Amino acid sequence: MNRPIVLRLILSGLLLAAVSGPAVAQLNEDLLGLSDENLKGYLDPLQVGLSGTLNSAVFRSGFVPQTGFEFTVGVAAMAVGFSSGDRTYRPVDPEGFTSLEPTDVPTVVGDPAGVIVLGEGGLARGYPGGFDLEGFEIAVPQASLGCVLGTRVLVRYIALNLGDADLGEFKYLGIGGQHSISQWIPSLSVDLAVGAFYQDFKISDDLLHVQSMQLNLTGSRQIGILQPYVGVGYDTLTLDAHAEDEDHPEDAIDVNLDRKSNMHFTLGLMARLSILGIFGEYNAGAGAGFALGFDLGTIGGANHANRDAS
Amino acid sequence: MRIATLARLGVYLALLVVLQGAKCPTIPTTKNLKMTVVTQQYVELTFAARGSINTHSDTDTIDVAQLRQDLEDAGVDVESVDSVFVASVLYGVTAYNEAATDREIVDGTVTVSRPDQASSATIFDNVDQPVYPLLGELVPAPVELGGIAYVNDLLADVLQAIKSGGSEIFLVEADASGVSEPQGRYTNFDWRVRINFHVVGETDMEVPDF
């Protein structure tokens, strides 16, 4: 069987985090026995992990200078934990199979031990185990550039060849911006900005395609070198996978996981020492988790200084 | 000033945590685990329904050496394979060569047997099915418990051969019968029965340890 897929999905989901080659082939084979609907159930926690991490640590300040040169480059590392409910799902009986009793089976992050579900007529179905993951973690580079009319641009980007011919190329792009609200409301005692950020990553073209969109309102206040911030946002994420078996085209996998949408709350603290900024934040979104990171660069701050002075 | 100094100290400590954590956020460690894996294989039996003859036979094989190779290619530890069983039985039409599309099979029955043994078992029967709508489709068959148990016994022998390093080729024969309606008009279509079976084993995995 020559079907190149699922562990690739996992691999990309885990952002290339050190999964060995045989594992790639394996999960690929595992999913052959799953219907599309159950494939969604198996992979669903990936959406939690991806949405919870990708949509974190994007907006770390409500302060956007009205004018002035800004350029920062840094890294954000995000992690979310999985709940016990993420570790299992209840498979839907495929047509022609009626299970003797409802049975929960592992998701991709669940127990490594799989489950055999017995059905009527002597039939049975095997469900694969999971990777026994308690959380999900990724790190991405992020840059900001500004500022014009109280607006900055935010970019995340990675493009690399995964080396293994089976895996192909990995492309990740995030782009968005923030616009100062407080510049229009001088009486505000905090800095306030709205933001939007779109992220898209692909492995081997459409083998795995993840898109996310975040809308956000961030408030912050500078206190010395520290800047506490809070954010409220709305996240959406879609995950599509497509793979074909050259030998058995009827067995092609074409999975479009339902769009995952959720509110997103952030509580964070940024500290800036000259050109170095360090931040940590807690996020409650698709999953709950933390993000840490730093950036290097310069931030135009005339308006901010004026606010502090006033 | 004092507050600023303390804040700087806090920042430096935070930086240390980021850079020197036991599990660096950017470089996850890995762990090994044994994970249950499932591969789906199948045998497919094809039949050419022609003229007025409505009883057909076909034989397919399960090549143990090939199956073992498939499992190894998938990273499955062959020694760990502990279950092989029928997951579903499907049937469908692969070619329909009649002008009229009203062909129907009445009381369709399929039995399976092993040429190396005298026994056989009915895998499904009493199926009444219009033929043309099944063109290009694979639909579930209403299976019989005895027939599935029979195939599972065969698969148990296959499993034993896999684990013992054998290279047998198991033959699976199927006999199909039924009444093709309307009678008196030449029957001309091809169809198939696919028996999907799951092979359950374990594989050693190296995964991120978050």
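In this predicted model, helix H3 (residues 145-164) of chain B lies across S2, strand S4 (104-113), S5 and S7 of chain B. Its direction makes an angle of about 130° with S5(B). The length of H3(B) fits expectation: at 1.5 Å a residue, its 20 residues should span 28 Å, and the end C-alpha atoms are 29 Å apart, which agrees. Several of its residues are buried, namely B:Gly147, B:Ile148, B:Tyr150, B:Val151, B:Leu154, B:Leu155, B:Val158, B:Leu159 and B:Ile162. It helps to recall here that an α-helix has 3.6 residues a turn, so residues three or four places apart point the same way. Just after H3(B) comes B:Gly165, with a positive phi near 85°.

**The sheet beneath the helices**

The strands that H3(B) crosses belong together: S2, S7, S4 and S5 of chain B, in that order, form an open sheet of 4 strands with antiparallel pairing. At its edges are strand S2 (55-63) and strand S5 (120-130) of chain B, each of which pairs on one side only. From one strand to the next, the twist averages 20°. As a reminder, strands of a sheet pair through backbone hydrogen bonds, either parallel or antiparallel.

What sits opposite what along S7(B)? Strand S7 covers residues 169-181 of chain B and pairs with S2(B) in the antiparallel sense over 9 bridges. In that pairing B:Thr55 stands opposite B:Ser177, while B:Asp58 faces B:Ala174. S7(B) is also joined to S4(B) by 8 bridges, and these two strands run antiparallel. There, B:Ile105 is placed opposite B:Ser180 in S7(B).

A second helix also rests on these strands: helix H2 (residues 64-73) of chain B lies across S2 and S7 of chain B, at about 55° to S2(B). The two helices of chain B can be set side by side.

| Helix | Residues | Strands crossed (chain B) | Angle |
|---|---|---|---|
| H2(B) | 64-73 | S2, S7 | about 55° to S2(B) |
| H3(B) | 145-164 | S2, S4, S5, S7 | about 130° to S5(B) |

**B:Arg192, a residue with distant partners**

Elsewhere in chain B, B:Arg192 lies in strand S8 (residues 187-209). Is B:Arg192 buried or partly exposed? It counts as partly exposed, because it has 18 C-beta neighbours inside 10 Å, where 20 or more would make a residue buried. Leaving out residues up to four places away in sequence, B:Arg192 touches B:Glu44, B:Leu45, B:Thr46, B:Tyr91, B:Gly92 and B:Thr94. One of these contacts, B:Glu44, is 148 residues away in sequence, yet the two C-alpha atoms are 6.7 Å apart in space.

**Turning to chain A**

Chain A has 4 helices and 14 strands. Of its 310 residues, 51% are buried. Among contacts in chain A with a separation of 6 or more, 61% join residues 24 or more positions apart.

Helix H3 (residues 36-54) of chain A has 19 residues and reaches 25 Å from its first C-alpha to its last, close to the 27 Å expected at 1.5 Å a residue. H3(A) has a kink of about 40° at A:Leu43, shortly before the proline A:Pro45. This helix is mostly covered, with 15 of its 19 residues buried.

A:Asp111 offers a loop example: it is found between strand S3 (105-106) and strand S4 (115-118) of chain A. A:Asp111 is partly exposed, with 18 other C-beta atoms within 10 Å. Not counting residues up to four places away in sequence, A:Asp111 touches A:Arg87, A:Pro106, A:Gly129, A:Gly130 and A:Asp132. By contrast with those contacts, A:His209, 98 residues along the chain from A:Asp111, is 26 Å away, C-alpha to C-alpha.

**How far to trust the model**

For the complex, the predictor gives an ipTM of 0.81 and a pTM of 0.73. Chain B has a mean pLDDT of 81, and 82% of its residues reach 70 or more. Where in chain B is confidence lowest, and where is it highest? The lowest mean, 43, belongs to helix H1 (residues 2-20) of chain B, and the highest, 93, to strand S3 (residues 83-96) of chain B. Over residues 1-27 of chain B the pLDDT is below 50, although this stretch has 27 contacts in the model beyond near neighbours in sequence. Where pLDDT is low, the predicted coordinates should not be read in detail.

Notes:
Residues are numbered from 1 along each chain as its sequence is written. Chains are lettered from A and ligands numbered from 1 in the order in which they are written. This is a predicted model: local features need pLDDT of at least 70, side-chain atom pairs count only at pLDDT 80 or more; totals for chains, interfaces and linings use all residues. A residue is buried if 20 or more other C-beta atoms lie within 10 Å of its own, exposed if 12 or fewer, and partly exposed in between; C-beta atoms are placed from the backbone. Two residues are in contact if their C-beta atoms, placed from the backbone, lie within 7 Å. pLDDT is the predictor's confidence in each residue, from 0 to 100. Two strands pair if DSSP finds at least two bridges between them. Axes are lines fitted to C-alpha atoms, for helices over the stretch in contact, and angles run from 0 to 180 degrees between N-to-C directions. The expected span of a helix is 1.5 Å times one less than its number of residues. The bend at a residue is the angle between axes fitted to the seven residues ending there and the seven starting there.
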